[in-house]
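Student: I am new to this structure and should be grateful for a close look at how one chain is put together. May I first see the sequence and the model?

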There are 2 protein chains.
Amino acid sequence: MDIQSLQFAKRFDGISGSAIREIFKLLAVPGMISFAGGNPAASALPDTQVAEIARELLLSKGKTLLQYGATEGYAPLRESLVPYLKDRFSFDCREDEILPVTGSTQAMDLLCKALIDPGDKVVVENPTFLGNMQAIRLYQAQLIPVDSDEDGIKVDELEEVFRREHPKMLYVIPTFQNPTGRTLNLERRKKIAQLAAQYGVVVAEDDPYRDLRYAGQELPSIKSFDTEGWVAFMGSFSKVISPGLRVGFLAANAALLRKCTIGKQSSDVHTANLNQAIVDAYLRQGLLAPHVEAICQSYAEQMNKMLALLSKCGGVARYTRPQGGLFIFAELKEGMNAVALLNKAVERGVAYVPGTYFYAGGGHENTFRLNFSMSTIEQIDRGMQLLNDVFTENA
Amino acid sequence: MDIQSLQFAKRFDGISGSAIREIFKLLAVPGMISFAGGNPAASALPDTQVAEIARELLLSKGKTLLQYGATEGYAPLRESLVPYLKDRFSFDCREDEILPVTGSTQAMDLLCKALIDPGDKVVVENPTFLGNMQAIRLYQAQLIPVDSDEDGIKVDELEEVFRREHPKMLYVIPTFQNPTGRTLNLERRKKIAQLAAQYGVVVAEDDPYRDLRYAGQELPSIKSFDTEGWVAFMGSFSKVISPGLRVGFLAANAALLRKCTIGKQSSDVHTANLNQAIVDAYLRQGLLAPHVEAICQSYAEQMNKMLALLSKCGGVARYTRPQGGLFIFAELKEGMNAVALLNKAVERGVAYVPGTYFYAGGGHENTFRLNFSMSTIEQIDRGMQLLNDVFTENA
């Protein structure tokens, strides 16, 4: 029988793969200025520190690290995460409420695996991170987008949706959101924790950018207001240590976490021990805080430079003014099309991600996302000039 | 709303987690002799080599390795795998037919994600590896067990099942099978490749133990007889380099692999770059062959010692005589119960895995699986003596 006759599972109907990961492939041209990624700067990756940590760990406990580990995670890391979560995210949790995962993308996957049957409803911010929309769609959930404004997702609409639609889950990025860069305000954080318990909706709180704050006051996590256990917190070290190591964690109610752990047995048995131990050592040796401080200093300059140039950029109607994170979200004048203009921009040597991909229902073709972390001040200068040219010529 | 009211997804109905992983937790008693695991010996884990490789890689290309990587895998590793697959598994494949994964468990998960809708039928050997049965069950497939004999799965029965049941997939471990230690003979390998194409069934060929051969002739993979692309080959470095690094690979038809790659975007984005690069360096530096040779020498002694003692062990009716791998499968006399006797054995200080867990339909309570790789000759001596005592007293 011809292999072309092979039928794939229904969960792939309408799934074509991450648009961003496809755009990345266009960017392998020398000299291309990319505002498209969400990657840390090369200078933010602590390669020499990690080289020494890895060697030292392998020489001192290599036999343990190279052996099979527990699905529940590397015990020293779970232990380190308890005070880390308290200090950085303002919530208490026990070690058996923490599961190290293979990047926080896996946390999203495991929550869906534990909770979502085909047809279940999942509420997402409009717009939101497209990678996790794909993860949710692969579980054949129905996505229900709820709009956000300068203060994050609109909680009045959210309550109305909770009441009317009985969703299973809310997926939310409260701090320096992807793609908008916006931060959910304090009042709404409290309200979401309360609505989750009131309506019995699991909140998947995704907070990878929190440490990248360049202005304003830090806010407690939604999970810190969770008294009943409905908030599942997904954390990541990708933006502050290394995405290539693939280490994140899920902190959740023990019964929910147990289902995720069983799910993880069949996903990858456990997250690589060496990678968990590297992150653990990085935390224990107190390397994270000074590293984050250094990163923030340069990212802040990059963001401010980009914002300043955006204020003078032709064709741009409005844009967000984040206090941190990696992204600025902008809107071209009505009738302009950021999808169509991407090709022209790439021809000139600069790239961004069209905003339409971040909307569950598509549309919003005049929006786009800019990243500043991967570019030097000089590249931002040059890249914004090129964008200004393209947009001005096509306004 | 009380979190106790949370409803989990239907895929977890009847799933209680890996029985083996639960047994492992009983074994954390000092002095326990465990024939229960499937782990490499500590001496088989190349910790000092990996320490130097990791440091060298991080110092020379740390900025690349700590950054995000492609879902498609670390390019040098894919390149190294082409000749490795040709040399070790006797098949040709292109780089775009190879996907590095986070342990071969992920290969199984991604194949199911790509192919299985609830109710689809998957044929498995009876008995087979329980971890992957759980992975398949989480996709709500119907497992159809087909018996095996000394030469592996019975292909006449298999053809009958293919004809009658129209299964979507066959899951098979052809070499030194888990749990039986048996090897599928050459004729049946050819036949399975032919049946797969004839009936349009994807074969998930799982071959992690192949390099651990202590006697007899090496056989080509099922995939080497696959002319149409119906065989998906799952490989692992867990048994020959390190399970803790979580690096395996999937080699399959490009269209099927593309679906698996999209599925992987939402599973963990990519396998950790450092881990892929360590395996790549291990292959490129020619370290694998001498390492495997050293491992095999001591595993062979351990297996032969265990087989010799098993021939004199009370209560044992029969057992397999593998030519390699990590496991021996044995049967107690009719009416004896290896599940009930496990507690008594653990009280005496020795453990095994009851065979019933490896049967899709349960039953076979008089069977059990023994592992020899984790135990010294002295531990095998002592442990088999303890087992002899328990079985003799309860025969």
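Student: Which domains does the domain assignment give for chain A, and which residues belong to each?

Tutor: The model is predicted, and its confidence values may be stated at the outset. Chain A has a mean pLDDT of 96, and 100% of its residues reach 70 or more. For the complex, the predictor gives an ipTM of 0.97 and a pTM of 0.97.

The domain assignment divides chain A into domain 1, made of residues 3-46 together with 290-393, and domain 2, made of residues 69-285. Between the C-alpha centres of domain 1 and domain 2 of chain A the distance is 24 Å. The two domains of chain A touch: 32 residues of domain 1 are in contact with 32 residues of domain 2. On the domain 1 side of this contact in chain A, at least two residues each come from α1 (19-26), α10 (288-310) and β11 (327-332). The largest share of that side is supplied by α10(A), with 6 residues. Sorted by class, the side of domain 1 of chain A that touches domain 2 has 21 nonpolar, 9 polar and 2 charged residues.

The helix α10(A) also has a helical partner, α12(A), which spans residues 377-393. The axes of α10(A) and α12(A) come within 10 Å and cross at roughly 20°. Angles under 35 degrees count as roughly parallel, and α10(A) and α12(A) are therefore roughly parallel to each other. Their crossing, that of α10(A) and α12(A), is right-handed. From α10(A), the residues A:E301, A:Q302, A:K305, A:M306, A:L309 and A:L310 take part, and they meet A:I377, A:I380 and A:M384 of α12(A). By class, this contact of α10(A) with α12(A) comprises 6 nonpolar, 1 polar and 2 charged residues.

A further pair of helices in chain A is α4(A), residues 104-115, and α8(A), residues 254-268. Their axes come within 9 Å and cross at roughly 110°. The helices α4(A) and α8(A) are therefore roughly perpendicular to each other. On the α4(A) side, the contact is made by A:Q106, A:L110, A:L111, A:K113 and A:A114, while α8(A) contributes A:L256, A:K259, A:C260, A:G263, A:K264 and A:S267. The classes represented in the contact of α4(A) with α8(A) are 5 nonpolar, 3 polar and 3 charged residues.

Finally, chain A should be viewed together with its partner chain. In the complex, 71 residues of chain A are in contact with 70 residues of chain B. The elements that give two or more residues to the chain B side are α2 (47-65), α4 (104-115), α5 (130-137), α7 (186-199), α8 (254-268) and α9 (273-284) of chain B. Of these, α2(B) gives the most, with 11 residues. By class, the side of chain B that touches chain A has 31 nonpolar, 27 polar and 12 charged residues.

One of the listed elements, α7(B), also packs against α6(B), residues 155-165, at an angle of about 5°, with their axes 11 Å apart. The helices α6(B) and α7(B) are therefore roughly parallel to each other. Here B:V155, B:L158, B:E159, B:F162 and B:R163 of α6(B) make the contact with B:R188, B:K191, B:I192, B:L195 and B:Y199 of α7(B). By class, the contact of α6(B) with α7(B) has 6 nonpolar, no polar and 4 charged residues.

How values were computed:
Residues are numbered from 1 along each chain as its sequence is written. Chains are lettered from A and ligands numbered from 1 in the order in which they are written. This is a predicted model: local features need pLDDT of at least 70, side-chain atom pairs count only at pLDDT 80 or more; totals for chains, interfaces and linings use all residues. pLDDT is the predictor's confidence in each residue, from 0 to 100. Domain bounds come from an automatic or database domain assignment. Two residues are in contact if their C-beta atoms, placed from the backbone, lie within 7 Å. Helices (H or I, at least four residues) and strands (E, at least two) are DSSP runs, numbered from the N terminus. Ala, Val, Leu, Ile, Met, Phe, Trp, Tyr, Cys and Pro count as nonpolar, Asp, Glu, Lys and Arg as charged, and the others, Gly among them, as polar. Axes are lines fitted to C-alpha atoms, for helices over the stretch in contact, and angles run from 0 to 180 degrees between N-to-C directions. Angles under 35 degrees count as roughly parallel, over 145 as roughly antiparallel, 65 to 115 as roughly perpendicular and the rest as oblique. A crossing is left-handed if the near helix is turned anticlockwise from the far one by less than a right angle, and right-handed if clockwise.
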